[in-house]
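Here's a quick walk through this fold, meant for reading with the model open beside you. Helix packing comes up to start with, then the sheet, a pocket and some backbone oddities.

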Amino acid sequence: MAAKSIDHAFTARSLNTAATDPTYAGALSFMRRKYTKTLKGADAVVWGIPFDAAVSNRPGARFGPQAIRRASAIFDNDPQYPFDRDLFEQLAVIDYGDCLLDYGNHQKTPATIEREAAKILKSGAFLMSMGGDHFVTWPLLKAHAAKYGPLALVQFDAHQDTWFDDGKRIDHGSFVGRAARDGVIDTTHSIQVGIRTHAPEDCGIRILYGHEIEDMKAAEIAASIVEHVGDAPCYITFDIDCLDPAFAPGTGTPVAGGPSSARMLSVLQKLGALDIKGADIVEVAPAYDHADITAIAGASVAMHYLGLLAERRARR
């Protein structure tokens, strides 16, 4: 027991140490990373945004960050599959906790998220955010675009989220259209994967529909993404409803006919050639989940983001 840790999220003396907490015990930060508001020395920051007032169907994604953190305990200590490495040996990662939002004043929410995200990005760290419903990606995109310029959007989703709005709505179904109109994203290099619904416009974004990717191998899907995005700086957003409800029942607007978690995780693992500037995982709503299926999928997506970062760092 001398080599074991407990509550590593608070007791860690280094940002590069692996945790050995029992899977069933200890403080539940994301992958047992140190809970801290100190950004100094962090290569990557994990941040929760517990907001779901923009949903058009079932609420509950405000509990997504909690569920993802809880599910991430299964990744503790072992070399992470499929990256076969201790992700934190060279990659210093912290859990920054959650964004503080006023539940009674939603009009202040976008600016609050954008301001805090900009503060994190100013430190030079990579920001990996956990929603929350998909509206939170709008202020996150604005903060990233302010630092890096217009970004190619790589969106895994069942929905296009391009419905028109007046620029003021708090709506998880229109942020992509708004980002396109406002020049926050580079639509010529943006791509949506897994779409299984129709919207009035595509904003010039390339779409790989759900029925199309059913006939493609993971390597083919990844190659299509890499080819289309090219060298453009990009932001990856993964709406968990991209997955079929069989693999992600715990979400607000599930759509049948989607891909498996195995296939989409395999796609993510093959995106190392992209210049990824930021990423998020959204729409995990644990109230509709069973046996943490959706939360585990969401935590796996987030872990893959960090795996890609660790691999990129190792290649330097």
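Keep in mind that this is a predicted model. Start with helix α2 (residues 64-71) and α9: their axes come within 8 Å and cross at roughly 80 degrees. Angles of 65 to 115 degrees count as roughly perpendicular, so α2 is roughly perpendicular to α9. On the α2 side of this contact you'll find Ala67, Ile68 and Ala71, and they meet Ala295, Ile296, Gly298 and Ala299 in α9. Sorted by class, the residues of this contact are six nonpolar, one polar and no charged.

Now for the sheet. It is open and built from nine strands, with parallel pairing, and the order runs β1-β3-β2-β4-β9-β8-β5-β6-β7. At the edges sit β1 (34-35) and β7 (206-209), each of which pairs on one side only. Further in, β2 (residues 44-49) pairs with β4 (residues 126-131) in the parallel sense over six bridges. If you want one bridge to look up, take Ala44, whose partner in β4 is Phe126.

Two helices that pack on this sheet are set out here:

| Helix | Strands touched | Angle between directions |
|---|---|---|
| α4 (residues 137-148) | β2, β4, β5 (152-156), β8 (233-239) and β9 | about 170 degrees with β9 |
| α8 (residues 261-269) | β5, β6 (191-195) and β8 | about 160 degrees with β5 |

Next, the pocket. The largest one holds about 230 Å³ of space. Its lining has 13 residues, and the closest to the pocket centre are Asp43, Phe126, Leu309, Arg312 and Arg316. Phe126 is the residue you just met as the bridge partner of Ala44. Both β9 (275-282) and α9 (293-315) supply at least two residues each to the lining of the largest pocket. What mix of classes does the lining of the largest pocket have? It has six nonpolar, one polar and six charged residues.

Finally, a few backbone spots to check by eye. The peptide bond from Tyr81 to Pro82 is cis, with omega near 5 degrees, and Pro82 sits in the loop between α2 and β3 (93-98). Another cis peptide bond joins Gly131 and Gly132, with omega of about 20 degrees; Gly132 belongs to the loop between β4 and α4. Then there's Asp7, a residue other than glycine with a positive phi, near 55 degrees. You'll find Asp7 in the segment before α1 (8-11).

Notes: Residues are numbered from 1 along each chain as its sequence is written. This is a predicted model: local features need pLDDT of at least 70, side-chain atom pairs count only at pLDDT 80 or more; totals for chains, interfaces and linings use all residues. Side-chain values use heavy atoms; hydrogens and water are left out. On a 1 Å grid over the protein atoms alone, a cavity is a set of points where a 1.4 Å probe fits but cannot get out, and a pocket is an open set with protein on both sides within 12 Å along at least five of seven lines; lining residues have an atom within 4 Å of a point. Grid points are joined across faces, edges and corners, and a volume is the space filled by probe spheres set on the points. Helices (H or I, at least four residues) and strands (E, at least two) are DSSP runs, numbered from the N terminus. Ala, Val, Leu, Ile, Met, Phe, Trp, Tyr, Cys and Pro count as nonpolar, Asp, Glu, Lys and Arg as charged, and the others, Gly among them, as polar. Axes are lines fitted to C-alpha atoms, for helices over the stretch in contact, and angles run from 0 to 180 degrees between N-to-C directions. Angles under 35 degrees count as roughly parallel, over 145 as roughly antiparallel, 65 to 115 as roughly perpendicular and the rest as oblique. Contact means heavy atoms within 4.5 Å. Two strands pair if DSSP finds at least two bridges between them.
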